Amino acid sequence: MFRILSLDGGGIRGAFTASLLAEVESRLELPIGRYFDLVAGTSTGALIAAAIASGISANIIVELYEKKSGEIFKPRPKHKPKKWRHRLGMHFARPASKATIGVPFDDFLQSKYEAQPLRHAVEGVFGRQLIGDLKMCRLVIPAVDVSAGRTIVFKTPHLPNLTRDRHYRISDVLMATTAAPTYFPHAPLGNGSMVDGGLWANNPGMVAYTEAMKIRECAKRDCDPMFEFPDIHVLSIGTGEPRYSLSPPGETAGLGWWGPRVFDIASISQSQGTHFQLQYLLDDRYFRLNFDLPDPSWTLDSIKHLPELMHRGQTVAHENLPRILDRFFTTTAPDFDSFEDCRAKQSSLPLGSAN
C-alpha cells in the first residue's frame, strides 16, 4: 500500500481535524506520520500536515487552536481614512436593499485579521525548521503565487531535482498557504506574494494522488516505494460539509453581496468536486471523514464554535476507529529518504528552476 493522508483547509474548523487525529494517535504506538507515505494539507490543514510530517503530536496542534485562536482571529483596529474616502466607502458599503448584506467599510481597505499573531503561533511550533528537515514522511502543500499568476505546490525533496522548497522555512510556507483573501494579508515568500491554496485545492486529495503517481514514475532508488495505482489508499479529512443554498438578489448582486461569500463558495465547491473525483477513481480505497455544518455561522473564523469542533472531531474518530485502524494503521510506512540537493553540485542552477 501507498498510504496518503489528505487534510482540507477551513480556518478555525481545522480544530475538528486536529482533535480527530489526536484521538486516533492516542491509540497508536508511534506518531501518526509513521503510518503514511505522503501527507497533503491546505491552509489550516497544512499546519496539521506539517506537524505530522515533523513527528509533532497532534495534541500540540490541538493546544495551538485552544490557546492561540483568540489572538489569531482578533479583528484589526478600525481603519481611519480621509473624510472623502470615508464618504465614498460608505456609499459602496451600504446595503442596497434588505436582500443585500453590505460589506463593512474596513473590509474594502484591509484584511479582517493581521498576519503577525498567526506567524508567532506557527513559529512557536516549528521554529526555524526547513522543509528539507522533514524526515518522517513526504509532504505537499498547495498555495497560489499571485506574483507569477500560477498555482504552486510546496514539497519535501521526495523527487529528483527538487531544489527550491527544501530551503524554505516551514513557517513561511504555512503563512503562504493560510493567507486566505479578505481574511489575512498576502504572504511574501522569496520575491513573490502568496495566498491561500484553498482557492484551487482546498481539498488537496487530488494533488496528493497525482503526486503519488509522479513518485511512482520518477523515484527509482532502491529505498523508494514500489507500488501500482491500485495500491494507493487515501484517508481524507474535511472541515465540515455545508448545508447552504444562496439566493442572489436578482441582477443587483454585486461586490457588496458576493465579496464576503466568494472565497467560501470557491473553497467549498472545490472540496466537494475533489471528493467526487476521488470516489470515482479509488472506490473503496478512498475513505472520507467529515461532519455536517449545522448552520452558516460555522465560518472560517467562528472561534465561538471551537469547543464543539473539538468534540465533533473526537466523536467522528470514535465512530470510525475500527475501520480506519484496520485500513491505515496496522503497519508503518517505509522510511522516507530525501533526494540530494543538486544545487550543491551545480551552483549555476537558478533557485527554484527544477520545481
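**Helix 1 and strand 1: packing and pairing**

Helix 1 and helix 12, residues 306–328, pack with their axes 7 Å apart and at an angle of about 45 degrees. Axes here are lines fitted to C-alpha atoms, for helices over the stretch in contact, and angles run from 0 to 180 degrees between N-to-C directions. Helices are DSSP runs of H or I with at least four residues, strands are runs of E with at least two, and both are numbered from the N terminus.

A word on the source: this is a predicted model, in which local features need pLDDT of at least 70 and side-chain atom pairs count only at pLDDT 80 or more, while totals for chains, interfaces and linings use all residues. Residues are numbered from 1 along each chain as its sequence is written, and side-chain values use heavy atoms, with hydrogens and water left out.

Back to the helices. Helix 1 and helix 12 are therefore oblique to each other; angles under 35 degrees count as roughly parallel, over 145 as roughly antiparallel, 65 to 115 as roughly perpendicular, and the rest as oblique. The crossing of helix 1 past helix 12 is right-handed, that is, the near helix is turned clockwise from the far one by less than a right angle, and anticlockwise would be left-handed. On the helix 1 side the contact (heavy atoms within 4.5 Å) is made by A15, F16, S19, L20, E23 and V24. Helix 12 contributes residues including L306, M310, R312, H318 and L325.

Now the second partner. Helix 3, residues 58–72, has an axis that comes within 8 Å of that of helix 1, residues 14–25, and the two cross at roughly 150 degrees. The pair is therefore roughly antiparallel, and the crossing of helix 1 and helix 3 is left-handed. From helix 1 the contact uses G14, A15, A18, S19, L21, A22 and E25, and from helix 3 A58, N59, I61, V62 and Y65.

Next, strand 1. Are the residues of strand 1 buried or exposed? In strand 1, residues 2–7, 6 of 6 residues are buried, meaning under 20% relative accessible area, with exposed over 50% and partly exposed in between (1.4 Å probe, protein chains only). F2, I4 and S6 point one way, R3, L5 and L7 the other.

Strand 1 runs parallel to strand 7, residues 232–237, and 6 bridges join them; two strands pair if DSSP finds at least two bridges between them. Opposite F2 in strand 7 stands I232. Strand 2, residues 38–41, also pairs with strand 1 in the parallel sense, over 4 bridges, and L38 is the bridge partner of I4.
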